[in-house]
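Welcome! Please take a moment with the sequence and the structure shown here, and then let us walk through them together.

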Amino acid sequence: MSLVRLNIKGISYSQTQNGAYALILSEVEGDRKLPIVIGAFEAQSIAIALEKEIKPPRPLTHDLFKNFADRFDILIKQVIIHKLVDGVFYSSIICERDNIEEIIDARTSDAISLALRFDAPIFTYKNILDKAGIYLKGSEQDKMSEDDEDDDILVDQLVVDEEEQNSGSTDYKKLSLSELNSLLEQAVVAEDYEAAAKIRDEISKRN
């Protein structure tokens with residue numbers, strides 16, 4: 001399976017749930033985005049790593065890991081979002097020490113926090129991006145979704161990080177599938193990825 005490189009587009013604060021954030025990844029050579037709902041601590045850690053000028057007075061957990069790895073000559077070479085099961089991303093951290101490569105399982109938010117600190121590239125497999133990526137109306141990729149029965153915005157599936165998988169979906173349980181699909185379309189057009197992820201997660205549970 002071919003790998004697709006991703007960049008971090010940004011972090012969006014949840015407008016519907018206190019303490020929740022949407023981490024937006026985008027493919028390097030394409031228009032699709034991969035939103036992941038993460039917790040406040042993970043969002044803070046990623047934001048600090050993105051803003052190089054911000055230095056916390058004491059090391060955060062991911063900074064501590066970086067210091068530990070540097071002391072023992074452990075290098076993170078890359079992060080791969082390698083699996084998508086029941087609306088959950090699974091990631092691997094590819095490490096190297098003494099020319100020996102190791103693969104470590106990690107939550108996606110933690111893996112990305114560490115990738116930023118090690119300047120390591122982030123990848124996912126093409127089939128995962130095909131399934132979970134979204135792109136907005138007006139992009140060239142819309143031509144590929146002409147057969148989509150719902151609308152001309154391709155939204156194959158939005159997913160959430162492990163710890164946020166079941167949060168925030170209660171408000172949508174009483175809605176019908178047609179109502180959920182309508183709300184999903186509105187959320188994607190408005191680029192409200194955090195809400196879209198939760199709506200799509202509720203839809204996926206019923207299918």
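## Burial and surface

Of the 207 residues in this protein, 47% count as buried. The model you are looking at is predicted. Its accessible surface comes to about 11100 Å², and carbon and sulfur atoms account for 47% of that area.

## How far to trust the model

Across the protein, the pLDDT averages 78, and 76% of the residues score at least 70. Two stretches deserve some caution. Over residues 137-160 the pLDDT is below 50, though this stretch still has 61 contacts in the model beyond near neighbours in sequence. Residues 162-170 also have a pLDDT below 50, with 23 contacts of that kind.

## The overall layout

The secondary structure is made up of six helices and eight strands. If you follow the chain along its sequence, you will meet them in the pattern β-β-β-α-α-β-β-β-α-β-α-β-α-α.

How do the contacts spread along the sequence? Taking contacts between residues at least 6 apart in sequence, 58% join residues that are at least 24 apart.

## Strand 7 and its partners

A good place to start exploring is strand 7, which spans residues 122-125. Both of its faces are covered. On one side sit I122 and T124, on the other F123 and Y125, and all of them are buried.

Which strands join strand 7? Strand 1 (residues 3-13) runs antiparallel to strand 7, with four bridges joining them; here V4 stands opposite T124. Strand 4 (residues 75-85) runs parallel to strand 7, and three bridges link that pair. In this pairing V79 has I122 as its bridge partner, while I81 stands opposite T124. T124 therefore appears in both pairings, opposite V4 and opposite I81.## Two hairpins

Strand 4 also pairs with strand 5 (residues 88-97): nine bridges join the two, which run antiparallel. Within this pair, K83 stands opposite Y90. The two strands form a hairpin with two residues between them. One residue to look for in the turn is D86, which has a positive phi of about 50 degrees.

Another hairpin lies earlier in the chain, where five residues connect strand 2 to strand 3. Strand 2 covers residues 20-27 and pairs with strand 3 in the antiparallel sense over seven bridges. One of the pairs to find is A22 with its bridge partner V37 in strand 3.

How many residues of strand 3 are buried? Strand 3 (residues 33-39) has seven of its seven residues buried. K33, P35, V37 and G39 point one way from the strand, and L34, I36 and I38 point the other way.

## Helix 2 and its two sides

Next, turn to helix 2, which runs over residues 61-71 and has H62, D63, K66 and A69 buried. These residues are on the same side of helix 2, because they cover an arc of only 125 degrees around the axis. A general point about helices helps here: an α-helix has 3.6 residues a turn, so residues three or four places apart point the same way.

What do the buried residues of helix 2 pack against? They pack against helix 1 and helix 3 (108-118). The face turned away from this buried side carries the exposed residues T61, L64 and R71. Just after the helix comes D73, with a positive phi of about 55 degrees.

## A serine in helix 1

Helix 1 (residues 40-50) is home to S45. Is S45 buried or exposed? S45 counts as buried because its relative accessibility is 0%, and the cut-off for buried is under 20%.

The side chains of S45 and H62 are joined by a polar contact of 2.7 Å. Leaving out residues up to four places away in sequence, S45 touches L60, H62, S113 and R117. H62 is one of the buried residues of helix 2, which makes this a handy spot to look at while comparing the two helices.

## Toward the end of the chain

Finally, find A187 in helix 5, which covers residues 177-189. With a relative accessibility of 9%, A187 counts as buried. A187 and I199 are 12 residues apart in sequence, and their C-alpha atoms are 8.8 Å apart in space.

Note on methods
Residues are numbered from 1 along each chain as its sequence is written. This is a predicted model: local features need pLDDT of at least 70, side-chain atom pairs count only at pLDDT 80 or more; totals for chains, interfaces and linings use all residues. Side-chain values use heavy atoms; hydrogens and water are left out. Buried means under 20% relative accessible area, exposed over 50%, partly exposed in between (1.4 Å probe, protein chains only). Contact means heavy atoms within 4.5 Å. Accessible areas come from the Shrake-Rupley method with a 1.4 Å probe; for residues, only the protein chains shown count as cover. Two strands pair if DSSP finds at least two bridges between them. A polar contact is a pair of N or O atoms within 3.5 Å; within protein, one must be able to donate a hydrogen and the other to accept it, and residues adjacent in sequence count only if both atoms are side-chain atoms. The arc is that of the directions from the helix axis to the C-beta atoms. pLDDT is the predictor's confidence in each residue, from 0 to 100.
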